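This report looks at strand pairing and at aromatic side chains in a single protein model. The sequence and the coordinates come first, and the discussion follows.

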Amino acid sequence: MKKLLFLISLLLIFSGVLIADISEYYEFSAGTQTYAEITGTPVTAAMGDDVSTVVDIGFSFTYGTNAYTQIKISSNGVIALGTTASPSLTNNLTSTTLCPVVAAIWDDLHTGRTVDGTYPLASSVQTLLQGSAPNRTFTIQYQNAYWRYNEAASWVNFQIVLKENGSIDILYGPGSGASPGTSATASIGINMLPGGTGNYWSVTPGSPATASNTAENNSINAQIPNGTKYSFNPPIGVPNDLSAIAITGSTTPTSGTSTQYTVTVRNRGSNPQTTYSVKLMNGDTELATVAGPAIAPGTNQPVVLNWTPTATGPMT
């Protein structure tokens with residue numbers, strides 16, 4: 001059988017352009033909210049100086065172009081979405097490997113202290129799932145985390161809240177009031193696949209706080225005021241806005257043999273969609289088409305098409 005050279009790589013390059021800017025998926029805002037401690041499930045593996053094994057979120061959390069049901073929690077003030085990345089104390093929101101992450105105070109923290117003559121407060125990491133579908137929240141709380149590991153004079157309280165609607169809040173509670181000094185070099189923000197410039201928001205605290213997707217602030221060394229809230233929310237889209245953001249499948253299908261391709265469709269709009277089609281095209285020529293499945297706002301949906309080439313030669 002003869003192989004057909006199918007230039008799927010051009011489509012993959014195009015899909016990469018679509019996900020090149022985090023501002024398409026999240027807008028940053030700063031505000032205030034009364035800090036309320038939770039009583040949840042202790043994550044002992046994230047207490048001390050370590051990264052937990054995977055922890056279930058409790059719902060499917062859409063983040064960028066992907067959906068996640070699990071996270072890893074680092075003692076160093078940062079969580080990783082999914083099961084791959086394991087962030088250490090070396091904060092780097094610009095990374096192409098330490099992503100996707102959400103960082104509240106990404107620095108060399110210690111979260112497993114007990115009260116003794118040196119450390120006045122016990123510290124912990126806890127999680128709590130609250131609410132009912134489709135409005136559930138999953139909170140990761142760092143309680144009395146000591147900043148700069150052995151700095152007994154400076155501790156911080158904060159929460160990372162993942163919302164079922166795709167929003168993220170980072171909330172700050174009361175701290176020791178002391179600054180860990182110039183030795184602290186923290187980052188605050190989020191990043192998403194594939195990482196690098198344009199795929200992160202790095203926060204600079206202040207009045208007002210700002211966020212950049214081209215320059216990381218990795219030298220934060222002052223307490224964040226109690227009641228501060230940093231939010232990352234999906235933009236409110238137009239009512240009807242679908243896009244094909246990725247395609248996978250064989251680049252050398254065989255003439256006369258059915259070959260499967262998967263197109264990832266994202267609903268960027270505010271309306272659910274049930275009436276649309278996905279087509280595999282060669283220029284203006286339709287190769288395959290299938291009715292698209294229902295897709296909720298702000299979510300991605302894989303759509304499978306089967307195509308049987310009838311001739312050999314290059315095709316895009």
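In what order do the seven strands of the open sheet lie, and is their pairing parallel or antiparallel? In this predicted model, the strands follow one another as β3-β4-β5-β6-β12-β13-β14, and the pairing is antiparallel. The edges of the sheet are taken by β3 (55–63) and β14 (210–212), each of which has a single partner strand, so one side of each is left without a neighbour in the sheet. When direction is ignored, neighbouring strands of this sheet are turned by 25° against each other on average.

At the β3 edge, the pairing can be followed in detail. Strand β3 pairs with strand β4 (residues 66–74) in the antiparallel sense over five bridges, and Thr-62 stands opposite Ala-67 in β4. As a general matter, the strands of a sheet pair through backbone hydrogen bonds, either parallel or antiparallel.

The aromatic side chains form a second topic. A search of the whole structure finds 10 aromatic pairs, and two of these pairs are set out in the table, with the geometry of their rings.

| Pair | Distance between ring centres | Angle between planes | Class |
|---|---|---|---|
| Tyr-142 and Phe-158 | 4.6 Å | 25° | stacked |
| Tyr-172 and Tyr-230 | 5.6 Å | 70° | edge-to-face |

Why is the pair of Tyr-142 and Phe-158 stacked? The planes of the two rings stand at 25°, and planes under 30 degrees apart count as stacked. This pair links distant parts of the chain, with Tyr-142 in strand β9 (residues 137–147) and Phe-158 in strand β10 (residues 155–163), 16 residues apart. Tyr-142 counts as buried because its relative accessibility is 0%, and Phe-158 is likewise buried, with a relative accessible area of 0%.

The rings of Tyr-172 and Tyr-230 have their planes at 70°, so this pair is edge-to-face. Tyr-172 lies in strand β11 (residues 168–172) and Tyr-230 in strand β15 (residues 228–233), so the pair ties together parts that are 58 residues apart in sequence. Tyr-172 is buried, with a relative accessible area of 2%, and Tyr-230, at 3% relative accessibility, counts as buried.

The residues of both pairs belong to one aromatic cluster, which is formed by Phe-28, Tyr-142, Phe-158, Tyr-172, Tyr-230 and Phe-232.

A contact between a charge and a ring completes the account: Arg-113 lies over the face of Tyr-149, at 5.2 Å from the ring centre.

Conventions. Residues numbered from 1 in each chain as written. Predicted model: local features only at pLDDT ≥ 70, side-chain atom pairs only at ≥ 80, totals over all residues. Heavy atoms only, no water. Pairing = 2+ DSSP bridges. Helix = DSSP H or I, 4+ residues; strand = E, 2+ residues; numbered from the N terminus. Axes fitted to C-alpha atoms, helices over the stretch in contact; angles between N-to-C directions. Phe/Tyr/Trp six-rings, centres within 6.5 Å; stacked < 30°, edge-to-face > 60°. Buried < 20%, exposed > 50% of the residue type's maximum accessible area, 1.4 Å probe, protein only. Lys NZ or Arg CZ within 6 Å of the ring centre and 35° of its normal.
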